[in-house]
Amino acid sequence: MSLIRDKDYGTPASPSEKNVTLEIDGFKVTVPEGTSVMRAASSIGIEIPKLCATDSIDPFGSCRLCVCQVEGGRGYPASCTTPVSQGMKVQTENAKLNQIRKGIMELYISDHPLDCLTCPSNGNCELQDMAGTVGLREVRYGYEGKNHLKSEKDTSNPYFTFDPSKCIVCSRCVRACEETQGTFALTIDGRGFDSKISPGQNEAFMDSECVSCGACVQACPTATLMEKSVYQKGQPDHSIITTCAYCGVGCSFKAEMKGAEVVRMVPDKNGQANHGHSCVKGRFAFGYATHPDRLTTPMIRKSIHDPWQKVSWEDAINYAASEFKRIQEKYGRYSVGGLTSSRCTNEEAYLVQKLVRAAFGNNNVDTCARVCHSPTGYGLKQTLGESAGTQTFDSVMQSDVILVIGANPTDGHPVFGSLMKKRLREGAKLIVADPREIDLVKSAHVKAEYHLKLRPGTNVALVNALAHVIVTEGLVKEDFVNERCDIDSFNKWRDFVAQERNSPEASEIHTGVAAQKVREAARLYASAGNGAIYYGLGVTEHSQGSTTVIGIANLAMATGNVGREGVGVNPLRGQNNVQGSCDMGSFPHELPGYRHVADVTTRSLFESVWGVKLEAEPGLRIPNMFAAAIDGSFKGLYCEGEDIAQSDPNTQHVQEALESMECVVVQDLFLNETAKFAHVFLPGASFLEKTGTFTNAERRISPVRRVMPPKAGYEDWEVTQMLSNALGYAMDYSSAKEILDEIASLMPTFKGVSFKKLDEQGSVQWPCNDEAPDGTPTMHIGQFVRGKGRFMPTEYVPTSERTTGKYPLILTTGRILSQYNVGAQTRRTDNVAWHSEDRLEIHPHDAEDRGIVTGDKVAIRSRAGVTVLHTLVTERVQPGVVYTTFHFPESGANVITTDNSDWATNCPEYKVTAVQVEKVAGFSQWQNEFQAFTEEQLSMLEKATAAG
Amino acid sequence: MSITVYVPGDSSALSLGAEKTAVAIASEAAQRGVEIDLVRNGSRGLFWLEPLVEVATPAGRIAFGPVQASDVPGLFDADFLNGGSHALSLGLTEEIEYLKKQERLTNARVGIIDPVSLEDYLAHEGYRGLQNALQLAPADIVKQVTDSGLRGRGGAAFPTGIKWNTVLNAQGGQKYIVCNADEGDSGTFSDRMIMEDDPFVLVEGMTIAGLAVGATQGYIYLRVEYPHAHKNLNAAIAAAEKAGYLGADICGSGKAFNLEVRLGAGAYVCGEETSLLESLEGKRGLVRYKPPLPAIKGLFGQPTVINNVISLASVPIILDKGGEYYRDFGVGRSRGTLPIQLAGNIKHPGLVEKAFGITLRELLYDYGGGSATGLPIKAVQVGGPLGAFVPESQFDTPLDYEAFAANWAVLGHGGVVVFDDTVDMAKMARYAMEFCAIESCGKCTPCRIGSTRGVEVLDKIIANEDRANNIALLRDLSDVMLNSSLCALGGMTPFPVLSALNHFPEDFGAE
């Protein structure tokens, strides 16, 4: 193991397909037209000195160190900004060039502290390297001249420091903030010698628009922008490439280590999902893995009101197994089940569902995708034939029009959000359909052409209205539809959407979006060369979530926007492995690879490999499990890496269900909300402590590599295996690799996937098999997976969750950049500096009506319950709509969400809850009870600690 | 019949009291019941004679100057309105030697017409170039400009026709014409005079440029310190629009060209074409690297002609009289005329438009009349703050880009600043470095840090601190700046510094 130092070619690769041959220092080199001399030289191992150039951003030509000489040309051009040309002859080194470079370095060092030995960059500093490379031996200017050595250090950001005294004003940070991240938080203030990096208008980093993505830190060639962890721990000595465990972008990271300690997480330049970019979560918020709250000893207890008992792994596993067996004996085979998690690896998810099916002997397995993207699986399978997004992330760089529906990429999928913004800055047009004014609607150098600010719950009406315009204004791509789609289904759909009641004019009453705007947006999308749709939970988490997904697929097919780069239907998956956990057969009705349990061929395939008889009837979905628990027929649950007590709707109902069970086994890093209702706690391993794979939103399977030993001794799959063995169903995997091999042998779309392939390729997008040995970046090329694309009518049925005099506002929920999902991880990091509590966003009109100002405590009351939050009065939300995030358990966001769910998949209707908001003095009864319960449970934990 | 009296409204005349003079003439005439037609013309460019009042007589325009308000009653007493003799009388304006010997092509109307009168402009051969251009194919317009031998008058002397041809052939949706009117060089004012005193010629030149390359939008990037030029340009643009010389349908041709003035924010470096474009786009005035050339990727990333005021203002006469006509003036590869601006310590400062080939000595003595102090001229700085100091030994060099280059000097924008023998050239070298330090955009290292260190090193030299080593260091620094700066600001600062050091070593402590 060694520290991976990425080669920096200095300037980005040229996309040209035309090649040019030139001679550099006497060596012939052939590179694509448009390549810089610097990159061409680097490609044959000639590294021209440089400081302002780095290959993640466009050349800038400011440091002037990279001067070269071109035969027949004048002067000493900068090699970073000089494009190659055919027959060019370049000299990169001679006495004159060296003299110039030395002169430049002499200038740099005349305004730089000489504290190399105690500098955090010592050993990894480009300035230091360049001084060495050019052979700088003296600084004749002395050090008494004008300088920046006394500049004040900005330590406001929790993760990195900004030390202007070490700054060489190369602008790499400014350019990274602009080009890579697209936030434009940094600029240069002043000019000439007084030029300095300025966050915002000379603010501290934390007070500026900075989103702490780390792109500037990554780009800095000196210690000016430096991780605090490196200040504390020193330079790392080895690194391991792994995959981020936060959102569905699935960024590749280098864990830079010292021993078993992570010094920093550095985005992997070669990462195919992120290309060296990151966000504040993946880049910096990994401290939870070593947080003191981590539980590393198995625990058991009889009742949830008993103190925990620390026990050995063997005892814990045996106890859990005996309980499950006891329950099954007493209440029957179907009285227990398991939950996989989208945060776990494919191998873990696969193993848990296998345990449920083979060891429990039923199909009572479900996953948290139930509550996020189950409608995607259903809708896309029905229409296109595959339960997955159609594109790569990079595809967006070919899009001409981007339609974002119910997604907030800059918060939820920030690294992809940055890529999308890059494309938008290049001129692609943007349509946003969202009740709320998300950042994409208007931010630095990005502005949506149309913001269709619809009322929550009316997605289907809007999608139908868009379709109506396409169909009635002759915008259908007839050739595509005739050739690629099922014509009968198209005709039926066309006749349906063409009806007047689906027109923008007729829909306006539901959606609240001006008909003209809908018409123009539809024309824009349909007339784009490449139109791409990106959507998120704002589409799926509705009573008609599946209908909207189908409607989106209809739009894409009708306009011919499927089956090539730049187009497609792109679900933005919430968690790191939503796609994977679904692929792995985590649903009660599907075996791995989305094959129905009722299908005899599939079942016998699995039966032969697993050596066990499989149940042909689908098992219970999560909400069914809750209902059955309350009914008394479901008594035991194995829950791995999911926190249903916080994340699932109607918290009181979930709590009641959990309290009704006799054995709840929670496998997690922390004593999460669900664990407070558990009888067995099995310590989990963080992503840094295990091996496996995650599959991101673009079907990209990326390796998760263990960088440190599991704190509790076992990787999660090993725990599942122990439990299965104890239950009497033998598993004997010696590594995650063996599990992946089994998955590959059973899933046609995974046939070619192996750790060996991932080591070679970095990652691979499924389907990966004999037909597509290198994977499939774009799906449905030439033909849909299901053969002919299938249109389906999408009748708009208003949700039963209506506003009334008593509940006049609609609450919708979402998330924020710095926090992740239920917050179990990010709340245990310094990310709380950005978001320390969930607040209720309310429009000034609604606030005024209720005498509410920002910061007031308000009760949010729905038909399901009541909770209290502080307010933020903002025009981001429309009148009649309030909004909050759900990152803190004490917020009780799901105390107020209801039992309503998607008609097809039971995905909860999180996005629409009728509420009333009123100013109050104290917290809600639920919150008070929650606090008391939390205190009780923490004392149970403390007692265990004392006893242990 | 009323008599026409001309009192310049040009800012050089105004700064010498022309406004008061004009008021005095008007009120004196009213008091005396004399009917006059007071025209605020531009300046003839004879600054030591400003305010230069002219009276139209049957024999021609008769000049009086410099006329202060206090001189006015006396002039009336002397019946100056009918050419009566007076101590301030200069005779027929056209016969004033300084003016008579000039070859005014670009400045043909400057000082003669009412700058904002389209009628006056048309009466003085205005818009004839445009009328011709409208009859030509774009490539033929470009050919005329190429044939004329016109080179960029902003200082870089790049052949204008070649630049236009590149833009003509460039692929791009919207093309632009940008006029660099950020005239920031010390001792220069020819751009200002065109814009104040004959703004239509610039408007016409830009319109022709638009027709030539297929650009429908033009911008004049004007330095904020030129409020009079701003006012007159806007007036000219409005008049041209109204009369159909600008807009969607130029003179009924169906061709469009629109023009807008944008103000700079006081940065010298924004006169550098690429930082000008950045500034015009609303960004910080940072220099861009080249290639890509602005002709390929200029304003908002589109093909852009960016030319200096004088270059563009020379186009109408080229299109009027033909490339050959213009080309017949000048020497070698320097064709046509150059508006030279005499300033500094000179007896007769002003504008001298002459064909290339005239020597510095002729300019300094025949036109300039020697130094204002009467002391010997020690050096002149030609081409603004980045131009070399030229010693007396080189005064016989003809004004010609190549001849100057051979002396390691530049013509630049044609500004000539004169110093007598009391000047300390070490301090001038320090001043040049300091100018660079103050005006550096801060992008490239040699200029950003180098200019500040240059000042410090020169301070040490002046203070006689380790002089030999510091002079060696100054030379090394100059070499780095010269060879590796991103733009001419850092790249040419060594011109004044090293020319001072090389030509006047005694000022740097040499024995």
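Which domains does the domain assignment of chain A give? Okay, so that's where I'll start, and keep in mind that this is a predicted model. The assignment gives domain 1 at 19-134, domain 2 in two pieces, 299-371 and 578-762, then domain 3 at 374-571 and domain 4 at 809-935. If you take the C-alpha centres of domain 1 and domain 3 of chain A, they lie 46 Å apart.

Right, on to the interface. On the chain B side, 33 residues are in contact with 34 residues of chain A. Together the two chains bury about 2800 Å² there, and carbon and sulfur atoms give 55% of that. If you want residues to look at, try B:Tyr289, B:Arg448 and B:Arg453: they supply 22% of the area chain B buries against chain A, more than any other three residues.

For polar pairs, the rule finds 19 residue pairs in polar contact across this interface, both residues at pLDDT 80 or more. Which elements of chain B give two or more residues to the side touching chain A? Those are α18 (425-439), α19 (445-448), α20 (450-462) and α21 (467-484). Helix α21 of chain B gives the most, with seven residues. By type, that side of chain B divides into 15 nonpolar, nine polar and nine charged residues.

Now, salt bridges. Searching the whole structure turns up 78 of them over all chains, and three cross between chain B and chain A. Take B:Asp476 and A:Arg140, with closest N and O atoms 2.8 Å apart. B:Asp476 sits in helix α21 of chain B, while A:Arg140 is in the loop between α3 (126-134) and β5 (160-162) of chain A. Are these two buried or partly exposed? B:Asp476 has 29% relative accessibility, so it counts as partly exposed, and A:Arg140, at 34%, is partly exposed too. Another salt bridge pairs B:Asp479 with A:Lys96, at 2.6 Å, N to O.

Inside chain B, I picked two helical pairs. B:Lys143 and B:Asp147 meet at 2.9 Å, N to O; both lie in helix α7 (residues 138-148), four residues apart, about one turn. B:Lys143 is partly exposed at 47%, and B:Asp147 is partly exposed at 25%. In helix α9 (residues 190-197), B:Glu196 and B:Arg192 are also four residues apart, and their side chains meet at 3.2 Å. Here B:Glu196 and B:Arg192 are both buried.

Last one, over in chain A: a salt-bridge network links A:Asp6, A:Glu227, A:Lys254, A:Glu256, A:Arg264 and A:Arg283.

Definitions and conventions: Residues numbered from 1 in each chain as written. Chains lettered and ligands numbered in written order. Predicted model: local features only at pLDDT ≥ 70, side-chain atom pairs only at ≥ 80, totals over all residues. Heavy atoms only, no water. Contact = heavy atoms within 4.5 Å. Buried area = accessible area lost by both parts, 1.4 Å probe. Salt bridge = Lys/Arg side-chain N within 4 Å of Asp/Glu carboxyl O. Polar contact = N/O pair within 3.5 Å; in protein donor to acceptor, adjacent residues only side chain to side chain. Nonpolar A, V, L, I, M, F, W, Y, C, P; charged D, E, K, R; others polar. Domains from an automatic or database assignment. Buried < 20%, exposed > 50% of the residue type's maximum accessible area, 1.4 Å probe, protein only.
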